[in-house]
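Good morning, and thank you for coming. Please look at the sequence and the structure as I put them up, and I shall begin with the ligand.

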Amino acid sequence: MKVKLAREVELLSDISKAFAESLDLEETLTSILKSLDTHLNLRRGMITLLDPDTETINIRIAHGLSKKSRSQASYKVGEGITGLVVQSGKEIVVPDISKDPRFLHKTRSRKQEKGKQIAFFCVPIKLEGKTIGTLSVDKQADKSDDFKANVRLLDVIATMVAQAIKLNKLVESDRQKLREENVRLRRELKSHFDIHNMVGSSNAMKEVYRLIEQVANSNATVLLRGESGTGKDLVAHAIHYSSLRADKPFVKVNCTALPDTLLESELFGHEKGAFTNAIRTRIGRFELANGGTVFLDEIGDMNPLLQSKLLRVIQERQFERIGAIKTIKTDIRIVAATHQDLKVAVAQKKFREDLYYRLNVIPIRVPPLRERKTDIPLLAHHFLEYFNHSKKKSIRGFGEDSLELLMRYDWPGNVRELENTIERLVILVDNNIITPEDLPFYIKTSRTNSNLADFGSWEGMSYREQLDYAEKLIIKKALEECQGNKTHAARRLGFSVRTMRNKINKYNLN
Ligand SMILES: Nc1ncnc2c1ncn2[C@@H]1O[C@H](COP(=O)(O)OP(=O)(O)OP(=O)(O)O)[C@@H](O)[C@H]1O
Ligand SMILES: [Mg+2]
């Protein structure tokens, strides 16, 4: 069996292709043995791997062996020729197996033809100096065969196999790591968004908890309404993680964050070539969320075309990727949220009425903080504890007067504003206790002039700046009341027309 150089090159090129084409070890090794068969005309080929835990050598891939004989064959280190090669790390060549007593015939698969001899080659597969298995072939041979050349060739192939195994192990352990990381993250999120992690014991919030629990075990579509910062995101999470879908994906899509066309392909996915930039097929969120929940935030901003497509998803639980013919079925629960009054949007023909009713199956209103002021002390302490921990501070609490001020304030930004306020206090305050003096100006004065608070934060401003700011707001208000007439506004403010003009420029009120 003289292997010509050209054939050798062809064989090696075939084998390296097998490596390049698949990351699946089984597949790669199988095609290697197939190439060996095609190019060397072997009768059988076999790759064994040592299992370090049990110290047994098992057949991983066999070519020309029945399944039955394959499963019967397992060797101990030192047993048979395969076992000896693993033990010594050196190749063994048996020119004629019928004459070799070390041959075990475990797989009982060789029927020798009369007058022909079968030669057996077994080379070690080594990784980082250790023998991890064997590559063996047997074939009909005669005495003129160049056994050494064959061994050299098999050695090269064994080295390639070792690399494939190494790569496979890396990929496998990466996958394993990813799987573990995912499980850990899911668990963490789940505990973080457990319904009981929502703070608040007001009757208004108790009603929200009751509704969350009620819808948890159904697939009903939920529409969350509530001002910005009231906790709609948190409620959406709570619904998902207390439902039977908790182990499946929770996929959030913000309907305002993306331009219409991008949002469409984000939701539905697209086929390769569906539009100019569709270089690859892309799986949309509705498909990704299969089995889980899709949270459509700011649904009021969705454009009419997408509204009708969404209606179909809700009604039929099916859709097509953009540019595709095939219809995809998906099992999802939809939770939508908006801070707008959708009924008004429907009246203005900005929002489809039929979609509104489909979404509004179970409406949950998340109440603004000013309607549940008894939650303020609880939330304030909750955030104080949280930021104490994350910023390594140890503020003990709020003085009674300060709590009273926090409760008196209207919190136009709701829980988010309270959270941000406490975060800033934790950074700035150096005492044990948060006193009224520590509180921002607009909270301290909320009793006397609550609408000034609407204009924004006074935080970190000097008195001069606060004075200017207040002046700006008052001038702005006067201008509005005089429908932009500067002379009238100046008269009401007691300014000369010239002063008025200067102020308008200074505060950029043009
Ligand atoms: N009941 C609550 N307990 C603890 N934290 C809360 C609660 N409600 C809201 N928060 C916190 O307040 C912040 C704002 O909440 P969230 O993002 O859920 O509001 P939203 O209603 O979705 O606001 P937007 O309309 O602006 O998206 C978040 O950091 C959230 O963790
Ligand atoms: Mg939100």
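The shell around ligand 1 is made up of six nonpolar, four polar and five charged residues. Here Ala, Val, Leu, Ile, Met, Phe, Trp, Tyr, Cys and Pro count as nonpolar, Asp, Glu, Lys and Arg as charged, and the others, Gly among them, as polar. This is a predicted model, in which local features need pLDDT of at least 70 and side-chain atom pairs count only at pLDDT 80 or more, while totals for chains, interfaces and linings use all residues. Residues are numbered from 1 along each chain as its sequence is written, chains are lettered from A and ligands numbered from 1 in the order in which they are written, and side-chain values use heavy atoms, with hydrogens and water left out.

Which residues of the shell are the closest to ligand 1? They are S228, G229, K232, D233 and E419, out of 15 that surround the ligand, each with a heavy atom within 4 Å of it.

Let me turn to the polar contacts, meaning pairs of N or O atoms within 3.5 Å. A backbone N or O atom of G229 is 2.8 Å from an oxygen atom of ligand 1, and a polar side-chain atom of D233 also lies 2.8 Å from a ligand oxygen. From the side chain of R416, an N or O atom is 2.9 Å from an oxygen of ligand 1. Taken alone, the ligand exposes 630 Å², of which the protein buries 85%; these areas come from the Shrake-Rupley method with a 1.4 Å probe. Two or more shell residues come from each of α7 (232–241), α13 (375–390) and α15 (414–428), helices being DSSP runs of H or I of at least four residues, and strands runs of E of at least two, numbered from the N terminus.

Next, the interior. The largest nonpolar core has 32 residues, a core being a set of buried Ala, Val, Leu, Ile, Met, Phe, Trp, Tyr and Cys residues joined through side-chain atoms within 4.5 Å. Its largest share, 10 residues, comes from α5. Apart from this core lies another, of 30 residues, including F286 and F319.

Finally, is D430 buried or exposed? D430 counts as exposed because its relative accessibility is 70%; exposed means over 50%, buried under 20%, and partly exposed in between. D430 sits in the loop between α15 and β17 (433–434). Its C-alpha atom is 9.2 Å from that of S394, 36 residues apart along the chain.

How values were computed
Polar contact = N/O pair within 3.5 Å; in protein donor to acceptor, adjacent residues only side chain to side chain. Buried < 20%, exposed > 50% of the residue type's maximum accessible area, 1.4 Å probe, protein only.
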